[in-house]
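I opened my notebook for a first look at a new structure. Here is what I looked up, entry by entry.

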Amino acid sequence: MNNEFLQTEEAIVTVLKTVYDPEIPVNIYDLGLIYKVEVDENQIVHIDMTLTAPNCPAADFIIEDVRMKVEAVEGVKGVEVNLVFEPEWDKDMMSEEAKLELGFL
């Protein structure tokens, strides 16, 4: 992998950490909602993500926020967000910081 590719991936993770579910004071990356981030040779970013609940009322807002913020990363030519529910999300997928913030530790 070249350095430019790694910088792009790092920048994507950084912007994903600015996306929040309006009902939870922790970003979606630390919540463990991002399952996969891949940048292909055409600089298209493929993201597999889930929600804390399949009927999340903020789903459209969160997905659009992810798409807009990742598209704004330098070098990114497009974003494909794939919403998945397998494996089902649970609180064990959260980072230690998220668990602490939400009182699970």
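**Entry 1: the core.** Before looking, I noted what I mean by a nonpolar core: a set of buried Ala, Val, Leu, Ile, Met, Phe, Trp, Tyr and Cys residues joined through side-chain atoms within 4.5 Å. I also reminded myself that this is a predicted model. Which residues have the most contacts inside the largest core? I found Ile 12, Ile 47, Met 49, Val 66 and Val 70, in a core of 30 residues. Two or more residues each come from helix 1 (3-16), strand 1 (34-39), strand 2 (44-49), helix 2 (59-71) and strand 3. Helix 2 gives the most, with five residues. I jotted down a general point beside this: in soluble globular proteins, nonpolar side chains tend to be buried together.

**Entry 2: Met 49.** I picked one of those core residues and listed its neighbours, leaving out residues up to four places away in sequence. Met 49 touches Ile 28, Leu 33, Ile 34 and Tyr 35. Its list goes on with Ile 62, Ile 63 and Val 66, and then Val 81, Asn 82, Leu 83 and Val 84.

**Entry 3: Met 93.** Next I turned to another methionine. Where does Met 93 lie? I found Met 93 in the loop between strand 3 (78-83) and helix 3 (96-101). Its relative accessible area is 30%, so I wrote it down as partly exposed, the class between 20% and 50%. Again skipping residues up to four places away in sequence, I saw Met 93 touch Asp 30, Leu 31, Gly 32, Tyr 35, Pro 87 and Glu 88. I also checked Pro 54, which is 39 residues from Met 93 along the chain; their C-alpha atoms are separated by 16 Å.

**Entry 4: the whole chain.** I then stepped back. The protein chain has three helices and three strands, and from the N terminus on they run α-β-β-α-β-α. The radius of gyration is 14 Å, close to the 13 Å that the globule rule gives for 105 residues, so I noted the chain as being as compact as a globular protein of that length. Along its principal axes the C-alpha trace spans about 40 × 25 × 25 Å.

**Entry 5: inside and outside.** Of the 105 residues, 44% are buried. Among contacts with a separation of 6 or more, 60% join residues 24 or more positions apart. The chain exposes about 6,300 Å², and carbon and sulfur atoms supply 50% of that. Last, I looked at charge: there are 7 positive and 23 negative charges, and their mean positions are 1 Å apart.

Notes: Residues numbered from 1 in each chain as written. Predicted model: local features only at pLDDT ≥ 70, side-chain atom pairs only at ≥ 80, totals over all residues. Heavy atoms only, no water. Helix = DSSP H or I, 4+ residues; strand = E, 2+ residues; numbered from the N terminus. Buried < 20%, exposed > 50% of the residue type's maximum accessible area, 1.4 Å probe, protein only. Contact = heavy atoms within 4.5 Å. Rg over C-alpha atoms; globule rule 2.2 N^0.38 Å. Areas by Shrake-Rupley, 256 points an atom, 1.4 Å probe, with all protein chains shown as cover. Lys, Arg positive; Asp, Glu negative; His and termini not counted. Charge placed at Lys NZ, Arg CZ, Asp CG, Glu CD.
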